[in-house]
Amino acid sequence: MNRLLKHTIASALVLGLAISNAYAQAPAAPAEPPKPAPRHADGRINFGPPEGEVGFWIRRTANLVVNPESYEAERAQRAPVNIKDIPIQDWAYKLTNFRHDLFLASEPYTRCKPAGGPRQIMSPYGFEIVDMPELERVYILTTSNAMTYRIIYMDGREHPKNLTPSYFGHSVGHWDGDTLVVDSVGYNDVSWQNRDGLPTTDKLHLVERFTRRDMNTLDYKVTIDDPGAYTKPWESGYTVGWTPGEELFEYVCQENNISPDAMIGEGRYSTTVP
Amino acid sequence: MNRRVASLCASGRACEILAALLVFGASATFAHHPVGAKFDEGKVTTLSGRVTAVDWANPHVHVFFNVKAADGSESNWATELASVVELDGSGWAADTIEPGDTITVNGPVALNGSRQIWGTTVQLDGKTVFTVAEDVFSSRGEAVSGPTPRWPDKQPRLGPPKGETGYWALPSKTSLMEDGATVAVDKYGVLANMNDAAKVAPFQKWALDLYSLRQRNWLKDDPMFLNCIPPAGPRQFQQPFGFQLVEDRDRSRIFVLLSGGNSNWRFIYTDDRTATGQVTGNDDNPLFYGHSLAKWEGDTMVVTTTGFNEGFWFSNGGLPHTNKLTLTERFTRSDLGTLHYAVTVDDPGAYTRPWTSSWDLHWVAGQELPEFYCQDNRQ
């Protein structure tokens, strides 16, 4: 990654801004009906590029809330007011606010921790969904979030008993028509489910639905069922856009990571609060 | 020779033997870092106290406990142990020790004077716990034999046979060394005899000096240990946790999925592209994993990689490289259970001529890569 890009990324992280990405933020082309979702030769839906092309996904909207239309911060660096739309337990609400009181200084993302669950799909530099029917698994490869991968088993296996809690948990999937449905358990309780610091516990059970609406658009729906942190299951989702002609690139978070220092060190007040 | 060892011996051969004994003796596990890089093996002590917390996370599990001093005051100590992957694999669990238990820990204390102790032995109610099985890695899966699995077009498969699972691990060597050299090193790449340094590879003078310095410092400046910098280059194929090769033939590329380091992925492209920088050209984009292009020569996949940065150690043991490095790696699956790997290191910035190092990797059948993140319990 070149220096300018790195600098831009570091600055965006430090300022806590939505990370502007040239691909995601390109001006909308004149309205033209999108092409239908591509298919493989055998007719199954293709979550990647059409044959002979390249491309990957980057989220367009990514607020993990019940009502995205009403999303606004309560005040600078405080948890969003409509977090109350979420059936959040009192301790989890207080923890979310506490994290904001600390200017999100304990943000795991800035410490190069991997992010599983919905936050992986929020990844600012994009991801690929690679369907490998011959191996009976789907891989999700992410550029940011520690440049790591998630495996979704499609062979009908069940979740193992006594899973060691982990960042990505254990994911099994199946096809519901053209929709990839993924069921996951086995998460640790240290991940933040979004940039606002929404907590989850090791009781988290996720059901995610990936649908390629057309060539350019992936609809992501997620049901968050965590009796440890919420009073009932709730749903959210994002719209994810196709970036044609580009490939995932190397991103090593640890290379020159100054974000934690900037957020909690001496630079904090000069760089994180306008 | 390490400072603290130097104080225990006069000079020369005796020191080296002592250093080697210390390294070999203390390294009970293939942990994320050599024990001697963080803990002072000259200061071994025994501490007892009540457990306050257990942090069951990679790369090192930590058990915190309160130690009572003679004056009755208590201080909280951290015992550092092997990884979750190793401890889980040896039959231990996050609740083997629980807050409130009283433990006795024997081991070396931290070099930097902080209240940390390496748990050479940990005892609970008189029983030793958290031992790492000698065969925690080698016992994975069952021994496999059989012909090289192949695709319908007869090209060897580098991943699992159809309908099966597994991954590559158990490298027969764990640090780079020119083929034909006979030099004793431990599993971290630490030389048994410092006088052997020049035999390891055809170093340029500065590179030999730097390699020797890193060795004398017991690899404590390893950026993989300090900052979770990726074990890129040949080093990714010498990590204890293994890797998987996933052939995405529809897209003419192979994913290398790593379990060591930070469980990174990278691509090896098998189409006819040329190596270009990912944003504005090679010069502008020195990378950790570089740009990798592959072609097949008979049953061998030959991968050429350029575009490296200098921010990582490309081998256990601390052999230097520069951004002039070109790697030519040859992957040959000679049968179901064996992947022969040979790498030619061509780095006119650090070596006097190209040289080759090779080893075998073994197929761990029926198992999934462990989930391991170096970054897990680091702040």
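User: What is known about the phi of Phe103(A)?

Analyst: In this predicted model, the phi of Phe103(A) is positive, near 60°. Phe103(A) follows helix 2 of chain A.

User: What makes residues 90–101 of chain A agree with the span expected of a helix?

Analyst: The expected span is 1.5 Å times one less than the number of residues. For the twelve residues of helix 2 in chain A this comes to 16 Å, and the C-alpha atoms at its ends are 16 Å apart, so the two values agree.

User: Which residues of helix 2 in chain A are called buried, and why?

Analyst: They are Ala92(A), Tyr93(A), Thr96(A), Asn97(A), Arg99(A) and His100(A). The word applies because each has under 20% relative accessible area.

User: How do you know where these residues lie around the axis of helix 2 of chain A?

Analyst: The arc they cover around the axis is only 155°, so they lie on the same side of helix 2 of chain A. As a general matter, an α-helix has 3.6 residues a turn, so residues three or four places apart point the same way.

User: How much of chain A is buried by that cut-off?

Analyst: Of the 274 residues in chain A, 54% are buried, which means that this share has under 20% relative accessible area. Chain A exposes about 12500 Å², with 53% of it supplied by carbon and sulfur atoms.

User: What makes a set of residues a nonpolar core, and how many residues does the largest one have?

Analyst: Its members are buried residues of nonpolar kinds such as Leu, Val and Tyr, joined through side-chain atoms within 4.5 Å. The largest such core has 70 residues, and Tyr139(A) and Leu319(B) touch the most other members. Strand 16 (residues 355–365) of chain B gives the most to this core, six residues. A second, separate core has 35 residues, including Phe127(A) and Trp234(A).

User: Which residues does Leu319(B) contact beyond its neighbours within four places in sequence?

Analyst: Among them are Leu176(B), Val200(B), Phe203(B), Tyr351(B) and Trp355(B). They are called contacts because heavy atoms lie within 4.5 Å.

User: How many residues of chain B and chain A are in contact by that cut-off, and what area is buried between the chains?

Analyst: In chain B 49 residues are in contact with 39 residues of chain A. About 3400 Å² is buried between the two chains, and carbon and sulfur atoms give 50% of it. In chain B, Arg251(B), Trp265(B) and Tyr373(B) lose the most area to chain A, together 19% of what that side buries.

Terms used. Residues numbered from 1 in each chain as written. Chains lettered and ligands numbered in written order. Predicted model: local features only at pLDDT ≥ 70, side-chain atom pairs only at ≥ 80, totals over all residues. Heavy atoms only, no water. Buried < 20%, exposed > 50% of the residue type's maximum accessible area, 1.4 Å probe, protein only. Areas by Shrake-Rupley, 256 points an atom, 1.4 Å probe, with all protein chains shown as cover. Helix = DSSP H or I, 4+ residues; strand = E, 2+ residues; numbered from the N terminus. Arc of directions from axis to C-beta. Buried area = accessible area lost by both parts, 1.4 Å probe.
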